[in-house]
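Here is a short briefing on side-chain packing. Keep the sequence and the structure open as you read.

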Amino acid sequence: MDKVVKSEAQWREQLTPEEYHVLREAGTERAWTGEYVQTKTAGVYSCRACGAELFRSATKFDSHCGWPSFYQPSESDAVVLLEDRSLGTIRTEVRCARCDSHLGHVFHGEGYPTPTDDRYCINSVCLTLLPE
Ligand SMILES: [Zn+2]
């Protein structure tokens with residue numbers, strides 16, 4: 001995989017202020033405000049920053065958490081997982097493997113009826129849906 005490496009100034013130029021805040025400063029969009037929360041359209045979700053394929057609509061499920069949720073990435077190496085100790089708790093951060101942008105967090109073992117019981121809780125603003 002060809003990594004995408006840009007300076008923060010270049011990212012600022014390319015992204016909107018909201019995209020920059022979430023993707024490059026590990027921000028979180030407000031629950032239920034993202035454009036893909038309820039989307040059922042079939043297609044591929046790619047990284048808003050670099051265009052890498054991240055998730056497919058077939059693995060998107062209704063988590064009722066207010067953010068788009070997927071039970072697995074398109075490819076196991078599409079994302080990287082990092083320990084996140086912010087907010088006084090230990091969570092697992094999800095980043096794009098290609099450009100190292102923040103996408104959201106992954107939670108496991110919550111009891112969702114999916115093949116993995118993983119919930120990749122991803123900000124809509126980090127994604128671009130390419131309908132089939
Ligand atoms: Zn990316």
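The points below cover the nonpolar core, the aromatic rings and one charge placed over a ring.

This is a predicted model. Its largest nonpolar core has 28 residues. F55 and L103 have the most contacts inside that core.

**Nonpolar core**
- Seen by element, two or more core residues come from each of helix 2 (17-25), strand 1 (43-47), strand 2 (53-56), strand 5 (91-96), strand 6 (102-108), strand 7 (118-122) and strand 8 (127-131).
- Helix 2 gives the most, with 3 residues.

**Around F55**
- Leaving aside residues up to four places away in sequence, F55 touches V44, Y45, F70, Q72, P73, S74, V79, Y120, I122 and L127.
- F55 is buried, and F70 is buried as well.

**Aromatic rings**
- The structure holds 5 aromatic pairs.
- The ring centres of F55 and F70 lie 4.4 Å apart, with the planes at 15°, so this pair is stacked. Planes under 30 degrees apart count as stacked.
- The F55 and F70 pair links distant parts of the chain. F55 sits in strand 2 and F70 in strand 3 (residues 69-70), 15 residues apart.
- F55 and F70 also belong to one aromatic cluster, together with Y36, Y45 and Y120.
- Two members of that cluster, Y45 and Y120, are among the residues that F55 touches.

**Charge over a ring**
- K6 places its charged end over the ring of W11. The distance to the ring centre is 5.1 Å.

Note on methods: Residues numbered from 1 in each chain as written. Predicted model: local features only at pLDDT ≥ 70, side-chain atom pairs only at ≥ 80, totals over all residues. Heavy atoms only, no water. Core = buried A, V, L, I, M, F, W, Y, C linked by side-chain atoms within 4.5 Å. Buried < 20%, exposed > 50% of the residue type's maximum accessible area, 1.4 Å probe, protein only. Helix = DSSP H or I, 4+ residues; strand = E, 2+ residues; numbered from the N terminus. Contact = heavy atoms within 4.5 Å. Phe/Tyr/Trp six-rings, centres within 6.5 Å; stacked < 30°, edge-to-face > 60°. Lys NZ or Arg CZ within 6 Å of the ring centre and 35° of its normal.
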